[in-house]
Each structure stands twice: as C-alpha cells, then as structure tokens.
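Reader: Can we go through this one together? I'd like to start with the DNA.

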Amino acid sequence: MVLLNLGLTMKSGQTPEFLWNCEEGRFSRLIGGRLCEIWHDGELKFTHGFESRVMELLRKDDDLERIYKRINTDGLMGEAIKNYRGLRITKSDPWETTLSFICSINNNIKRIRKNVQSLTVNGAVMTPEEILNTDISFARLGFRQKFLKKTAEMIIGGHSISEVNKMKYEEAVEHLTKLHGIGDKVANCVLLFGYGFLESFPIDTWIRKIMTENYFDCKKTSDRKIREFAQERWGKYAGYANQYLFCYSRGL
DNA sequence: TCCCAGGTGTCGA
DNA sequence: TCGACACATGGG
C-alpha cells in the first residue's frame with residue numbers, strides 16, 4: 001500500500017469516522033481493550049501488534065492506481081480523483097457498520113458520531129444482545145432506536161449476518177434489507193464498508209444530487225436507474241466511484 | 001424560526 | 001411501482 005490520504009480516508013463518512021478519535025492527525029481507538037493508534041509520518045505508522053487489523057481496515061491490497069484507471073471515465077470523476085487522491089474505502093466490522101448506518105438514517109455526520117459513540121463500551125459497540133436488553137434511550141437515537149432494537153432482535157432470532165460475506169451482491173442486499181430499518185441505502189453502505197463489496201453503490205441525498213446533475217437530464221431519476229447506470233459504468237469498483245463522488249458532492 | 005441530515009416503513013392510488 | 005407522509009433530534 002503506497003497511496004493513502006489517511007486523514008481523508010478516516011474522515012469521509014465511512015465507519016471509522018464514527019468510531020475513531022482524531023487528534024493532530026493521529027487516529028486512535030480501543031480494540032480489545034488496547035489502545036490502537038494510526039498516524040502518517042512520511043509513511044504509515046501504527047501501534048505495534050495491530051498490523052493485520054490496520055491493513056484490513058485500510059484495505060492494503062486495493063491498488064488505487066489500477067482502480068483509478070478503471071473508474072476515470074469522465075471529467076467529473078477525473079477531477080474527483082485529482083482532488084481526493086489517496087482516499088481509500090475502509091473495511092470495518094459488519095455489526096459496527098450496521099449499527100453505525102442505522103444511526104445515519106436521516107441524520108448528519110456530527111450527530112451520527114455522537115449517537116454511535118454513546119453506544120460503545122470500552123471502545124466496542126454494544127452487541128445485538130446488549131442493544132436488545134438495555135434501555136438505550138440515553139443515546140437519543142429518536143425514531144432510529146426501534147430500527148436498531150428490531151434489527152438486533154432479528155439477528156439474535158436467527159436472521160444471521162455472519163454468512164453475508166459468502167453471498168453474491170444481489171443476494172446480500174436482499175438479505176440485509178429484510179432487517180427492519182435497513183433499506184437500500186443502508187444495506188449498500190454496510191456491504192461496502194462492512195463486508196467489502198466494492199460494487200456496492202449507496203445512494204443518499206449527496207450522491208443523488210451529483211448523479212442527477214451530471215449524468216441524467218431529470219432530477220427525479222429513480223435510485224434503481226442511478227445504481228444501474230453506476231454499476232454499468234464503474235463495474236466492480238462502483239463503490240470507490242461512489243466515495244469519490246460523495247466527497248466531491250459534499251465539497252470536502 | 002426554519003431547513004436539513006450518508007432514509008425507512010407504510011399507505012393509498 | 002411510485003409519491004406523500006410521519007418519524008426524533010439537533011446542527012447550522
């Protein structure tokens with residue numbers, strides 16, 4: 001892994017932004033009760049003993065130059081790649097990602113982080129069992145609380161999410177969206193940031209805006225058409241294209 | 001005060 | 001299949 005913009009990667013609305021703390025360019029969180037730090041000082045550095053975790057988190061095997069070559073299909077994407085060079089898709093724990101993106105529903109990033117952090121104990125997000133058996137109203141999730149509780153209940157009840165990584169993308173979307181409170185958008189975020197399905201293409205307000213303004217005539221283009229277009233155009237790296245467009249659309 | 005946020009479920013046409 | 005609406009909360 002050579003190409004990395006650590007700050008941008010960790011603070012671009014992906015799962016790590018909700019769970020890692022940042023001080024002067026150093027990112028930290030508790031993992032298994034131990035403090036893990038990641039920083040960039042000429043090269044990538046991290047706390048001894050966390051190499052495999054950090055490499056997985058930052059998807060060290062993704063060859064960005066090769067991915068750029070594949071997704072650089074037009075002027076807009078070219079500019080996004082130029083602006084956000086070194087932005088990587090991250091890979092976090094599936095349940096952490098599921099909980100985070102349920103909290104993200106009709107919410108802003110600052111408050112998502114507050115919500116998620118309030119659901120952590122010693123740096124780890126509460127398990128489905130803990131979510132189900134605890135009064136979590138202190139987290140002030142609003143209407144998302146019942147989504148999270150219900151999803152936790154369904155997972156415990158047998159709608160397992162541990163086999164999703166063995167499924168094909170379409171099957172995985174179908175499986176996740178059966179969970180109460182997980183719709184098309186959240187499922188695609190969970191698949192992208194929690195399971196590593198790089199063909200995922202989450203469509204939120206920012207993506208909808210930039211896609212309809214640049215690739216369609218009609219602002220009311222359906223999400224289904226937008227996703228079909230994106231996956232046709234950017235193929236197995238549609239998720240990378242999505243993340244670059246997301247940053248561009250938000251003006252990060 | 002108002003608008004909006006990395007949306008989803010529900011209902012009626 | 002699609003549009004309208006409710007849903008909690010708080011940042012800007």
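**Around the DNA strands**

Author: Start with DNA strand B. It has 27 residues around it, and G13, N107, N108, I109 and G181 come nearest. A residue is near a strand if one of its heavy atoms lies within 4 Å of it. Of the strand B atoms that come within 4 Å of the protein, 58% are sugar and phosphate.

Reader: What kind of model is this, and how are things numbered?

Author: This is a predicted model: local features need pLDDT of at least 70, side-chain atom pairs count only at pLDDT 80 or more, and totals for chains, interfaces and linings use all residues. Residues are numbered from 1 along each chain as its sequence is written, chains are lettered from A and ligands numbered from 1 in the order in which they are written, and side-chain values use heavy atoms, with hydrogens and water left out.

Reader: OK. Which polar side-chain atom lies 2.8 Å from a base oxygen of DNA strand B?

Author: One from Q243. That is a polar contact, a pair of N or O atoms within 3.5 Å. The backbone takes part too. A polar backbone atom of N107 is 2.7 Å from a sugar or linking oxygen of strand B. In G183, a backbone N or O atom lies 2.8 Å from a phosphate oxygen of that strand.

Reader: Which element gives the largest share of the surface near DNA strand B?

Author: α11, with four residues. At least two residues each come from α11 (184-195), α12 (205-215) and α14 (238-250). Helices here are DSSP runs of H or I, at least four residues, numbered from the N terminus.

Reader: And how many residues of each class are on the surface near DNA strand B?

Author: Twelve nonpolar, twelve polar and three charged. Asp, Glu, Lys and Arg count as charged; Ala, Val, Leu, Ile, Met, Phe, Trp, Tyr, Cys and Pro as nonpolar; the others, Gly among them, as polar.

Reader: Switching strands. What surrounds DNA strand C?

Author: N106, N108, K110, R111, K114, R140, G142, F143, R144 and K146. By class, that surface has one nonpolar, three polar and six charged residues.

Reader: What do the contacts to DNA strand C look like?

Author: An N or O atom in the side chain of R140 is 2.7 Å from a phosphate oxygen of strand C. R144 has a polar side-chain atom 3.5 Å from a base nitrogen of strand C. Two or more residues of this surface come from each of α7 (109-118) and α9 (144-156).

Reader: Which gives the most?

Author: α7, with three residues.

Definitions and conventions: A polar contact is a pair of N or O atoms within 3.5 Å; within protein, one must be able to donate a hydrogen and the other to accept it, and residues adjacent in sequence count only if both atoms are side-chain atoms.
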